[in-house]
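Reader: I am new to this one and would like to go through it with you. Could you show it to me and explain the reasoning behind the words you use?

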Amino acid sequence: MATALDIDTGSLGFPRMGPNRELKFALEKFWRGAIDEAQLASVAEKVETQNWTAQLDRGIDRVAVGMFSLYDHVLDWTLYLGTEPQRFQKISNDLERFFAMARGVDGIPALDMTKWFDSNYHYEVPELNVHTTPKANFAKYIATVKRAQAVVGTAKAVPVILGPLTYLSLAKYDQTTTLAQVLTKILPLYADLLGQLAGLGIHEVQIHEPSLVGAHAHALLPHLATVYGTKDAAGALTHDAVALHLVTYFEAIDEDVYKWFLESKIAALSLDFTRGDNLSLLEKYGFPSGKRLGAGVVDGRGIWKVSPSLIPTLESIVTVVSKNSNAALTIQPSSSLQHVPYTTKAEVNFEKDLSALYGVLSFAYEKLDEVALIAKAVKSGASLTTAFAAAAAAWATYYKENPAKAAVQSRVAGVTEADLKRPSDFATRRPLQMTTCPLLPTTTIGSFPQTPQIRALRSQLKSGKITQAYYEAQIDAQIAYNIGIQDALGLDILVHGEPERTDMVEFFAEKLNGFAFSQNGWVQSYGSRCVRPPVIYADLERPYDMTIREFKVAQGFSVNKPVKGMLTGPVTILNWSFPRLDISRKEQAYQLALCLRDEVAALEGAGCSIIQVDEPALREGMPLKPTKKDAYLRWAVDAFRLSTAVAANPTSIHTHMCYCEFNDCMPSIDEIDADVNSIENARSGDETIRAFKSIGYEKDLGPGVYDIHSPVVPPKQEIVDKLHSFLSLLPAKQLVVNPDCGLKTRRWPETIAALKNMVEAAADVRATL
């Protein structure tokens, strides 16, 4: 496929934690006071420099710089733009103020946290109001760009700017403030930043505007001319010396936005060709002369190697872009690579035990190699079939060694509407449930602190230093401690605390056939929190009970109070894993649901009367395009119901959801038919409860009464006030009292203190009813 196109390579962002999670450990040491600010900065700069060098070494011509963060890149821009809420402005030190916004400090609650589009990455939500007075604070950002220039060279360093329209569309506002009002305030700061970058010799910047692909896109359309200009008029960010590269990802760009781009002064546009149908837009409208297309053809969010199925897309892209003179093409990942691990080279177990799977994996380093390979083939005119030959062979081996399982396929095909329905409706079954619990029953979400001793136990078991019997005895001792603490504090519904679980998804994946597990496949979720998403590589089966032993142990330590069975829902397991590409997400969700259905039945058989099936990722997986929303919610709701509908009427099915905006899917949350929904609320005021009330929600609700992502212990009166505010919206019989989320990441002293205040607050309020 010979071409005269100007072709090069680029990146849009990179993992942040370091190949061995160096930044994670440095952050946690800093928060404990074990290292100082200078030492933290040293570790961060070393990791960031290694990231730049890795991209340079792999032939990337346009290296994205400025997306690195100590916590969250959206929070970075709140700091850079000086748009911190008033409650933080008394904190003069930038780093202290930054972490206060992320984690909270005594008397100052943290910013709200929610999911970055449809990913499992969390960002800190900007809070904007009539008092917001932006003030430029770009010194750290400029220093980063200068360091990058020294490492990769000015010609290859491409600063990344979070676009003003995306930043503002991700924010929340008071009732008197609009996006347009704040936009006029921050645009001069962005323009000033471009001037500073021009002074450094920077000739191009990436402006990331992923909001131009989703539900907000059409509402943002009228602002494009103001910000970026039109064919005939400059915009606020138009700069004679700095080319603007508008970057979108995660879906197809809005059609009207693309039409605006065709005649705008924007020099380059990045499109995601791995999600959505940007190719149709490209073929329908063409690509203009004198501009550059950033072709996101290597999946920045998945871990699979490119396959020959990409060849027709590549050929079509090259054909369209080649039609106009002076058009150029950059081969690149579809998004930032922060959503994937660093390298498959660290996965020696995969290479040894699952060689067919290992052959089709591609992490950040390997994706850069794929970018370089594709660009070289397209640029030289070499046969793409030849270029993809090694990948084709690897995929052929993978499919040969992992055929479909007839029993699993048959069971999924046999699912009927009757399998999705509880024996009776909520009004009939609710009087039969939780009959020993008082009004405003207190409980927790599931996990308790994971101490170094617990983590050491798991490590010793894996290395063969202790026996399974010894390990289980120690876990049982921890369960006994967890139950004793809860009983002493006076909680009404207990949990075993999950000491045997490394992660709420990984634990179940390890019990199911069809999952594989990396050794070092860490991905940032938020702050220093990293997860290792399991890999679904074959049809899924449950060969044995997953949670029954620990439930029986825990219930045996509690004579008079119920212990919840704790499961992770099918949609969350799917969304927090790396799914297969060869079958639909719906089919994978149904396979998971059938495994969980069998576990729900087994828990009931063991005497469990309250079973919690967590679905924090149900909203997160919703497509960005409104036209695709209903189909997703239909199968996601049905997967949850398939998991739980086997439960008898006296069994109370709970769920937990957190850190998403739920307003656009409230009817579906009601439709999952859980008896109790414990939902994140502490950082959101009463907005979540009001949303439930607005749809006439009649099932029980457990709005979080305090934020577990902050180390701050909530005062009892603060919880009392929250409960009274809840009771102004919902009757007491409908409320359950619990924290926002699981307590795994907290320490025991603050956990006990916070739960003590929560239980006492519930008792005080209960006494007034």
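Author: Gladly! Let us start with a term: a disulfide is a pair of cysteine sulfur atoms within 2.5 Å. Please keep in mind that this is a predicted model.

Reader: How many disulfides does the structure hold?

Author: The structure holds zero disulfides. Take Cys530: the closest cysteine sulfur belongs to Cys741 and is 16 Å away, and with a cut-off of 2.5 Å that is too far for a bond.

Reader: What makes Cys530 count as buried?

Author: Buried means under 20% relative accessible area. Cys530 has 7% relative accessibility, so the word applies. Cys741 has a relative accessible area of 15%, so Cys741 is buried too.

Reader: How do you know that the span of helix 5 agrees with what is expected?

Author: Helix 5 runs over residues 139–152, which is 14 residues, and at 1.5 Å a residue these should span 20 Å. The C-alpha atoms at its ends are 20 Å apart, so the two values agree.

Reader: Which residues of helix 5 are buried, and why are they said to be on the same side?

Author: The buried ones are Tyr141, Ile142, Thr144, Val145, Ala148, Gln149 and Val152. They cover an arc of only 155° around the axis, so they sit on the same side of helix 5. Here is the general background: an α-helix has 3.6 residues a turn, so residues three or four places apart point the same way. On the face turned away from the buried side of helix 5 are the exposed residues Ala139 and Ala150.

Reader: What covers the buried residues of helix 5?

Author: The cover includes helix 2 (37–57), helix 3 (73–80) and helix 7 (179–199), along with strand 2 (63–65) and strand 6 (157–162). After helix 5 comes Gly153, with a positive phi near 95°.

Reader: Is Glu366 buried or exposed, and what is Glu366 in contact with?

Author: Glu366, found in helix 15 (residues 364–380), has 10% relative accessibility, so Glu366 counts as buried. Leaving aside neighbours within four places in sequence, Glu366 is in contact with Tyr342, Thr343, Thr344 and Lys345. A polar atom of the Glu366 side chain lies 3.1 Å from the backbone nitrogen of Thr344.

Reader: And the whole chain: why is it called as compact as a globular protein of that length?

Author: The chain has 30 helices and 21 strands. Its radius of gyration is 26 Å, close to the 27 Å that the globule rule gives for 769 residues, so the description fits. Of the 769 residues, 61% count as buried.

Notes
Residues numbered from 1 in each chain as written. Predicted model: local features only at pLDDT ≥ 70, side-chain atom pairs only at ≥ 80, totals over all residues. Heavy atoms only, no water. Buried < 20%, exposed > 50% of the residue type's maximum accessible area, 1.4 Å probe, protein only. Helix = DSSP H or I, 4+ residues; strand = E, 2+ residues; numbered from the N terminus. Expected span 1.5 Å × (residues − 1). Arc of directions from axis to C-beta. Contact = heavy atoms within 4.5 Å. Polar contact = N/O pair within 3.5 Å; in protein donor to acceptor, adjacent residues only side chain to side chain. Rg over C-alpha atoms; globule rule 2.2 N^0.38 Å.
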